[in-house]
Amino acid sequence: MAMSVSSACFSVFSYKKVNRRTRAVASEDFAVTLKTEDKVKLGGSELKVTKLGIGAWSWGDTTYWNNFEWDDRKMKAAKAAFDASVDCGITFFDTAEVYGSTLSLGAINSETLLGRFIKERKEKYPDTEVAVATKFAALPWRFGRQSVLNALKDSICRLGVSSIELYQLHWPGVWGNEGYIDGLGDAVEQGLVKAVGVSNYNERRLRDAYERLKKRGIPLASNQVNYSLIYRAPEQNGVKAACDELGITLIAYSPIAQGALTGKYTPENLPTGPRSRIYTPEFLTKLQPLVNRIKEIGENYGKTPTQCISCELGSITPIDTLQSTITSSPRR
């Protein structure tokens, strides 16, 4: 099974034993089309989530997104994105302890914001159910299984919840991963999380993590990696094949290349902030034939470019900056 996560959003797609799919980013329109679809299980876990999810990388951030500042207007946009998503039946949200790091001037922790939005929503609609995924930062000074549990408990506190649906290792550790994997297993056994996963793990590390958890009877639910129409490495480096073989959900982040594949940006209209150094005029010029083809296919079926991309990946994708999708380009 595969699933994809983008800097702006993510979606989840179901998988079969042989033909697994990837979560991919979706637009506001796509969210509506998924409203009535069933939830899907992540890997071999019992956790079921909506096929489309929302990534909160940009929420509160002042280092990569939001032109290096976070203000009331952007706060309202993020809250509107959250409410619009839940209204459409999208209740799976992906964040991380380092998103909106308070070490950055003016930033607000993404987990804190998501927790606030959930609380406010439940006060108005008590029956609201939201599935939260967040991530452990494998910083060099963090050692062993207890560091995972300590960080998890801090995340739970910031989110204002009693437990987390999916807890992931954000990236491989510098000094090894055995202790971190053991920490994930402890988190499951202590009832702090419903499912565990990894992110940015290559095939070898993925298999090692899978086997280590398997010895405790705990499934590795997911691996979140960069995957899009212009970044197909998971298909070439064995990661997707390993996910398919082992029954692990592949979560693809940046499935719409942070907006570049939707046609929102052109050589004359670059993304703001650090993204403009990645998606340069030269790069976007070379990308135009693909973007035009995506638009053409969409027009033939009455779909947006993002919907086409999601179908192409056959996946589940997170959307980390959905608020920009809604406020800047509703039909992105």
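1. Let's start with F143: in this predicted model, its relative accessibility is 56%, so F143 counts as exposed, the cut-off being over 50%. If you want to find F143 on the chain, look in the loop that runs between β8 (131–136) and α4 (144–159).

2. F143 also has nonpolar company at the surface. Together with W141, V174 and W175, F143 forms a nonpolar patch. The accessible area of these four residues together is about 580 Å².

3. Moving on to α4, the helix that follows the F143 loop, have a look at how α4 packs with α3 (residues 110–124). Two numbers are useful here, since a pair of packed helices is described by the angle between the axes and the distance between them. For α3 and α4 the angle is about 45°, and the axes lie 7 Å apart. The two helices are therefore oblique to each other. On the α3 side, the contact is made by E111, T112, L114 and G115; on the α4 side, S155, R158 and L159 take part.

4. My last point concerns L169, which belongs to strand β9 (residues 164–169). Is L169 buried or exposed? With a relative accessibility of 0%, L169 counts as buried, because the cut-off for that class is under 20%.

5. The surroundings of L169 are worth a look too. Leaving aside residues up to four places away in sequence, L169 touches F136, Y180, I181, L184, G197, V198, S199 and Y201. As for G183, 14 residues from L169 along the chain, the C-alpha atoms of the two are separated by 10.0 Å.

How values were computed. Residues are numbered from 1 along each chain as its sequence is written. This is a predicted model: local features need pLDDT of at least 70, side-chain atom pairs count only at pLDDT 80 or more; totals for chains, interfaces and linings use all residues. Side-chain values use heavy atoms; hydrogens and water are left out. Patches are made of residues with over 30% relative accessible area and no salt bridge: like charges are joined within 9 Å, nonpolar side chains (Val, Leu, Ile, Met, Phe, Trp, Tyr) within 5 Å. Accessible areas come from the Shrake-Rupley method with a 1.4 Å probe; for residues, only the protein chains shown count as cover. A salt bridge is a side-chain nitrogen of Lys or Arg within 4 Å of a carboxyl oxygen of Asp or Glu. Helices (H or I, at least four residues) and strands (E, at least two) are DSSP runs, numbered from the N terminus. Buried means under 20% relative accessible area, exposed over 50%, partly exposed in between (1.4 Å probe, protein chains only). Axes are lines fitted to C-alpha atoms, for helices over the stretch in contact, and angles run from 0 to 180 degrees between N-to-C directions. Angles under 35 degrees count as roughly parallel, over 145 as roughly antiparallel, 65 to 115 as roughly perpendicular and the rest as oblique. Contact means heavy atoms within 4.5 Å.
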